[in-house]
Amino acid sequence: MPFSHLGLSPYLLPALQRALQEQGYVQPTPVQQRAVPVIVQGRDVIAMAPTGSGKTAAFVVPLLQQFITRESGAARAVPQLVLVPTRELALQVAETFTALAAHLPRRPKVVVAVGGVSINPQMMELRGGADVLVATPGRLLDLLSHNALSLKQLATLVLDEADRLLDLGFGEELAQILLKVPAKRQTLLFSATFPPAIARLAAAGLRDPQRIEIDSHAEQPEITQRAIRVDSGRRTQLLAHLLRQQGWPRALVFVGSRHGSEVVADKLAKAGVSAAALHGDLSNGRRLRVLQSFRTGEVQVLVATDVAARGIDIVQLPVVVNYDLPRSPADYTHRIGRTGRAGESGLAVSFVSADTEAHLRLIEKRQQLQIEREQVPGFEPQDVAAPAAVADGNGGIKGRRPSKKDRLRAAAAAGTPPAK
Ligand code: AMP
């Protein structure tokens, strides 16, 4: 089903389609197919749609149409409000609005209001109102208490990633916000999961919603998982080699520490690869600039820690590299889930050395996976597992002694007869 069959206004369709195409969206995803026609009719929607399903455009496209057809409101008025759990998501949602509005006859004024940064610029920006406000709940309440905006004319409220909003403890703030918005409004709730708390939130905030559930199995993107054996000291060279040889246009590379992300980004830069570090010590402004330059392709490789990368979403990310293996099997899943979005296929490559082999096996066991070990010509590993590393819990498994097989394998790698 093409975008032209979603009930969008024929006057706006060419402009919207052009922008969708520029984003590389050829066909609507299932959640877009089902949500857009209902939202343009003004109905409330409760959609079970995980990140990666294309849920953002599923509400942005109809909201843009509503923006164009609405008369402008009073000063400080905000007709469209999107509540999100994190600042990264706020920026992505705002970017989607801006990108998809690129060819409309009028562009909406989109304001982002999130915590962790000074409130004053946000108050200034909200002077004269905004067509769309994308906010985290706490900062929105702060702004309301400063009288920086009015929600009296709110027409559409979106609760994006509602389950994460509740997980992050925003339940109380949401309840307060629901008391401050007009009863007559359209409410759209997007959530990856449907715990009872979400059902209660929906019952309190939505009117006769259309329920949309997307079969998450049908939506599973195809992610190829590979593991390459390489000595720790040669990982950067191997990465630079793979970037060139495989022609990866961009890659998200995971490392285990803030310091590590700086070091690897530096080494890559020295090897002639445009790379930038993303970690929790960077200032807000710096993080945004780094993410932006990665999105625009100015930076080819983003070297990130798990925490810094949480919640970021990059269009068409073909490759994720585990330069350092993740600490936990759950982190492994989160990391590789950054590739293969919206039905595209993706690739996750893990570097594994003699010292981290046991840890990767643990991840495989927990995830019921078996990933074949590969070697890249010219980068065959020489190192043997250090006995301490196998048993120290840092990359290895605590209390596990090398088995006979391990000793044989290590000896074979070193070209020496096995120790008895
Ligand atoms: P979301 O679920 O909104 O976080 O979107 C996941 C990713 O899919 C984002 O990178 C979007 O840019 C991308 N995307 C959204 N809609 C489409 C579409 N119709 N075709 C291809 N990619 C899409």
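How many bridges join strand S8 to strand S13, and in which sense do the two run? Seven bridges link S8 (residues 223-229) with S13 (residues 346-352), and the two strands run parallel. Before we go further, please keep in mind that this is a predicted model.

Let's stay with S8 for a moment. One place to look along its pairing with S13 is Ile228, whose bridge partner in S13 is Phe351. S8 also pairs with S14, again in parallel, through two bridges. There you can find Ala227 of S8 matched with Arg373 of S14.

Now widen the view to the sheet that holds these strands. The sheet is open, has seven strands with parallel pairing, and follows the order S10-S11-S9-S12-S13-S8-S14. Strand S10 (275-278) and strand S14 (373-374) stand at the edges, and each has a single partner strand, so one side of each is left without a neighbour in the sheet. Elsewhere in the order, S9 (residues 251-254) and S11 (residues 301-304) are paired in the parallel sense over four bridges. To find that pairing by eye, look for Leu252, which has Leu302 as its bridge partner in S11.

Next, turn to strand S1, at residues 45-48. S1 runs parallel to strand S6 (residues 186-191), and four bridges join the two. Ala47 has its bridge partner in S6 at Phe190. S1 also pairs with strand S7 (residues 210-213), in the parallel sense and over four bridges. Here Val45 stands opposite Gln210 of S7.

Phe190 deserves a second look, this time for its ring. Searching the whole structure turns up two aromatic pairs. In the pair formed by Phe59 and Phe190, the ring centres are 5.3 Å apart and the planes meet at 50°, so the pair is tilted. Phe59 belongs to helix H3 (residues 55-69) and Phe190 to strand S6, so that the pair links distant parts of the chain, 131 residues apart. Phe190 is thus a handy landmark: this residue is the bridge partner of Ala47 and shares an aromatic pair with Phe59.

That brings us to the ligand. Which residues lie closest to the ligand, and how many surround it? There are 17 residues around the ligand, and the closest are Tyr25, Gln32, Gly52, Gly54 and Thr56. By class, this shell is made up of six nonpolar, nine polar and two charged residues. Domain 1 (3-213) and domain 2 (222-374) each supply at least three residues to the shell.

Several polar atoms of the protein can be traced to the ligand. Thr56 places a polar side-chain atom 2.5 Å from an oxygen atom of the ligand. Gln32 also uses its side chain, with a polar atom 2.8 Å from a ligand nitrogen atom. Ser53, on the other hand, takes part through its backbone, where a polar atom is 3.0 Å from an oxygen atom of the ligand. On its own, the ligand has 490 Å² of accessible area, and the protein covers 92% of that.

Conventions
Residues are numbered from 1 along each chain as its sequence is written. This is a predicted model: local features need pLDDT of at least 70, side-chain atom pairs count only at pLDDT 80 or more; totals for chains, interfaces and linings use all residues. Side-chain values use heavy atoms; hydrogens and water are left out. A residue is near a molecule or strand if one of its heavy atoms lies within 4 Å of it. A polar contact is a pair of N or O atoms within 3.5 Å; within protein, one must be able to donate a hydrogen and the other to accept it, and residues adjacent in sequence count only if both atoms are side-chain atoms. Accessible areas come from the Shrake-Rupley method with a 1.4 Å probe; for residues, only the protein chains shown count as cover. Ala, Val, Leu, Ile, Met, Phe, Trp, Tyr, Cys and Pro count as nonpolar, Asp, Glu, Lys and Arg as charged, and the others, Gly among them, as polar. Domain bounds come from an automatic or database domain assignment. Two strands pair if DSSP finds at least two bridges between them. Rings of Phe, Tyr and Trp (its six-membered ring) pair if their centres lie within 6.5 Å; planes under 30 degrees apart count as stacked, over 60 as edge-to-face and the rest as tilted.
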